[in-house]
Amino acid sequence: MTAGIDDIAIYIPRLYIDAADFAKARGVDPEKLQKGLGVSQMAIVDTNQDPACLAANACLKIMQKNKLSPESIGRLYISTESSFDESKAMNSYVIGMLEQVYGQGAFEHCGGVETKFACVSGSYALYDNANWVRAGEAEGKHALVVVSDIAKYDMGTSGEMTQGAGAVVMLINDKPRLLAFDPKVTATSIKDEYDFYRPFGKETPIVHGQYSNLLYMIQVRKALETYKKKALASGLMKLEAGESVLDHIDYLNMHLPYSNMGKKALAYLVRHEWRQLPRWKKIIQEIGLPEPVPKDPRGTIESVLGDQEFMAKDHEFTKLFTKTSEFQEIYESKLASSLIASKMIGNLYTASLYLGFRSCLEFEYQRGIDLNGKRVGFGSYGSGSSAMVFSGLIQPEYKEIVKDMNLEAELAPRRKLTLEEYEILHENKLTPEESMLHTKKEFILVNVNTTVESMGERRYIFNE
Ligand code: COA
């Protein structure tokens, strides 16, 4: 049975900081953010918003747009790494908010959990819900899979340059208008790692950024290897001599902790895939350098990172490789459009891959490309660490959805924060009533209880 993404909606907070202002305040060259990382603006939550609010606002949008009744929703899953309770799942808060609009008990029949595995958990949630549909358990109902996060790092750290916030919701069913998942090819890799983690009670993560970047690429490559085996074994793809699996994928959407990470990961995967192919000889000639090899043939992540000579040479080689016409072609045609939204919004952790998917659809459509039947590959990564690679085909009805996508309009009106305002928000110095925007027609957080008997209880309203 077919299963896939029928529609997608986003909710992005309307406050943001500008990369140039931020760089100036931190004494960093603005080019590092804009060119080095691909960050132009970072969305910041207001004092009366938390990840559950973002998720509920995204759900309301997709339900209203598709005129969905609560009875038609069989499952509501939330994936996040910004969880604020160790026990009560974030989807229960979201159901509570939605029932303020649809009536108490309106979602009583609905099931779902909050899932966690850093930024990859949304992909596991999508896979599980697609399998719920494929198994015939959905009985004609839809699943809502929401990815919602606030990417927040300690002030003054290098991670602070890669913040952002927002939620993406996907409507999953057996007649998807946007994308039908390719069956029997979803591939995963997993390893116990400490590249990025957030111990209980800590609001911000502990990050080993460069380690995490490399681990991301290694883990996604491993999952891609498995994907390739599955795609060939299942007959989804047939590789002719000299072809790579990437030749059979029209668009690649990667996890985007910052937009340039997509380019880095693409270069890594393409190098890995092309190395054995005849075309590589010509590329090496064009680059004018042999591809560097680490001293330690075991190639563990620690030995690679510790091999400074290799790292420096590899960095130089990658830079030259990304300038070749062959890489430029694959970058422009398969990846670039998925990076546009990330530049304007920043890191959304679990949601960043799916914001990239939405960005790819909107901006490829605007380029006048017929997307019908195009294959989209997804490279999902979560620290700690696990990767998932899967794919799907864009469906004939896609235009119904994509023609109305307008990121700029959806972000507006945005308000730029001064650095002082941003720092006050970052340090949680204001209460929900001291909101900067007082937005209307949205779910907002009103209060977090601090009494001993009801500690942490949250109250939300739909702000008419
Ligand atoms: N002009 C243009 N580019 C510049 C520059 C300048 N003045 N200064 C630096 N750059 C480039 C660097 O060359 C580098 O590019 P490259 O990746 O192509 O080599 C890029 O900007 C980043 O610089 P770097 O020195 O590597 O940054 P950093 O070590 O200070 O921090 C991160 C970068 C991404 C590691 C850090 O922001 C971080 O940890 N973020 C969190 C990442 C995350 O969430 N990871 C989770 C797992 S996915």
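## Exercises: reading a predicted model

The buried residues of helix α8 (residues 279-287) are Trp-280, Ile-283 and Ile-287. Buried means under 20% relative accessible area, exposed means over 50%, and partly exposed is what falls in between, with a 1.4 Å probe and protein chains only. Helices (H or I, at least four residues) and strands (E, at least two) are DSSP runs, numbered from the N terminus.

Before you dig in: this is a predicted model, where local features need pLDDT of at least 70 and side-chain atom pairs count only at pLDDT 80 or more, while totals for chains, interfaces and linings use all residues. Residues are numbered from 1 along each chain as its sequence is written, and side-chain values use heavy atoms, with hydrogens and water left out.

**Exercise 1. Work out how the buried residues of α8 are arranged around its axis.**

Step 1. Start from the buried set: Trp-280, Ile-283 and Ile-287.

Step 2. Look down the axis of α8: these buried residues fall within an arc of 60 degrees, so they line one face of the helix. The arc is taken from the directions that run from the helix axis to the C-beta atoms.

Step 3. Now check the other side of α8, where Lys-281 and Gln-285 are exposed.

**Exercise 2. Describe the shell around the ligand, then find its polar contacts.**

Step 1. Count the neighbours. The ligand is surrounded by 23 residues, and the closest are Lys-32, Tyr-153, Gln-210, Lys-264 and His-315. A residue is near a molecule or strand if one of its heavy atoms lies within 4 Å of it.

Step 2. Sort the shell by class: seven residues are nonpolar, eleven polar and five charged. Here Ala, Val, Leu, Ile, Met, Phe, Trp, Tyr, Cys and Pro count as nonpolar, Asp, Glu, Lys and Arg as charged, and the others, Gly among them, as polar.

Step 3. Look for polar contacts, meaning pairs of N or O atoms within 3.5 Å; within protein, one atom must be able to donate a hydrogen and the other to accept it, and residues adjacent in sequence count only if both atoms are side-chain atoms. Ser-158 uses a backbone N or O atom, 2.8 Å from an oxygen atom of the ligand. Lys-264 places a polar side-chain atom 2.4 Å from a ligand oxygen, and for a polar side-chain atom of Lys-319 the distance to a ligand oxygen is 2.8 Å.

Step 4. See how much of the ligand is covered. Taken alone, the ligand exposes 980 Å², and the protein buries 76% of that. Accessible areas come from the Shrake-Rupley method with a 1.4 Å probe; for residues, only the protein chains shown count as cover.

Step 5. Trace the shell back to its elements. Those that give two or more residues are α2 (30-37), α6 (209-233) and α10 (308-323). The largest share, four residues, comes from α2.

**Exercise 3. Why is Cys-53 not bonded to Cys-59?**

Step 1. Recall the chemistry: a disulfide is a covalent bond between the sulfur atoms of two cysteines. The rule used here asks for a pair of cysteine sulfur atoms within 2.5 Å.

Step 2. Check the distance. The closest cysteine sulfur to that of Cys-53 belongs to Cys-59, but it is 12 Å away, too far for a bond. Cys-59 is in no disulfide either, and its nearest cysteine sulfur, that of Cys-110, is 9.6 Å away.

Step 3. Take the total: by this rule there are zero disulfides.

Step 4. Add the surroundings. Cys-53 is buried at 0% relative accessibility, and Cys-59 is buried with a relative accessible area of 0%.

**Exercise 4. Find the unusual backbone angles in these loops.**

Step 1. Keep the background in mind: most residues other than glycine have a negative phi, and most peptide bonds are trans.

Step 2. Spot the cis bonds. The peptide bond from Gly-384 to Ser-385 is cis, with omega near -5 degrees, and Ser-385 lies in the loop between β13 (375-382) and β14 (386-394). Another cis peptide bond joins Ala-412 and Pro-413, with omega about -10 degrees; Pro-413 sits in the loop between α15 (407-411) and β15 (415-416).

Step 3. Spot the positive phi values. Asn-428, in the loop between α16 (419-426) and β16 (442-448), has phi near 55 degrees. His-438, in the loop between α16 and β16, has phi near 45 degrees.
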